[in-house]
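The following dialogue between a learner and a teacher shows how features of a protein structure may be read.

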Amino acid sequence: MEEGELFAIETFGSTGRGYAIEDLECSHYKKNSEVGHVHLRLPRAKQLLATINKNFSTLAFCKCYLDPLVETKYLMGLKNLCDSGIVEPYPPLCDVKEAMCLSLSIPSCCGRHVKN
């Protein structure tokens, strides 16, 4: 950590065991900003990547955000982007059945005289 850097501290609370695991169908994704050029063979993957670059860049997005932007049948292209490492899937965090989970993100700046 260096002075002036900004961090997001994420905490997860639960009414269950207090131990969250990745489970269920994935709906959230994010483009990996550290991946260089990757040759894509599927035309739908290329089209989807162009849509992601134009509308989200490296911001996280949900499948439902893609629905109005992309024609139908983008799931194979999305899977190809994930398999290539270009897009990272973020599956939901779950606890025991019927437990409620809460995600809380707190922005924090590292510095001598900074109020968080």
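Q: What order do the three strands of the open sheet have, and in which sense do they pair?

A: Two strands pair if DSSP finds at least two bridges between them, and strands (E, at least two residues) and helices (H or I, at least four residues) are DSSP runs numbered from the N terminus. In this predicted model, the open sheet has the order 4-3-5, and its pairing is antiparallel. Strand 4 (61-62) and strand 5 (87-90) each have a single partner strand, so they stand at the edges and one side of each lacks a neighbour in the sheet. Strand 3 (residues 28-31) pairs with strand 5 over four bridges in the antiparallel sense; Lys31, for instance, has Val87 in strand 5 as its bridge partner.

Q: On what basis should the numbers be read?

A: Residues are numbered from 1 along each chain as its sequence is written, and side-chain values use heavy atoms, with hydrogens and water left out. As the model is predicted, local features need pLDDT of at least 70 and side-chain atom pairs count only at pLDDT 80 or more, while totals for chains, interfaces and linings use all residues.

Q: How many aromatic pairs does the structure hold?

A: A pair of aromatic rings is described by the distance of the centres and the angle of the planes. Rings of Phe, Tyr and Trp (its six-membered ring) pair if their centres lie within 6.5 Å; planes under 30 degrees apart count as stacked, over 60 as edge-to-face and the rest as tilted. The structure holds three such pairs. Phe56 and Tyr65 form a stacked pair, because their ring centres are 6.4 Å apart and their planes stand at 25°. Both residues belong to one aromatic cluster with Tyr29 and Phe61.

Q: Is Phe56 buried or exposed?

A: Buried means under 20% relative accessible area, exposed over 50%, and partly exposed in between (1.4 Å probe, protein chains only). Phe56 has 11% relative accessibility and therefore counts as buried, whereas Tyr65, at 43%, is partly exposed.

Q: What is the sign of phi in Ser57?

A: Most residues other than glycine have a negative phi. Ser57 has a positive phi, near 55°, although this residue is not glycine. Ser57 lies in the loop between helix 1 (43-55) and strand 4, and its relative accessible area of 39% makes Ser57 partly exposed.

Q: Where is Ile9 placed?

A: Ile9 is in strand 1 (residues 6-14). With 45% relative accessibility, Ile9 counts as partly exposed.
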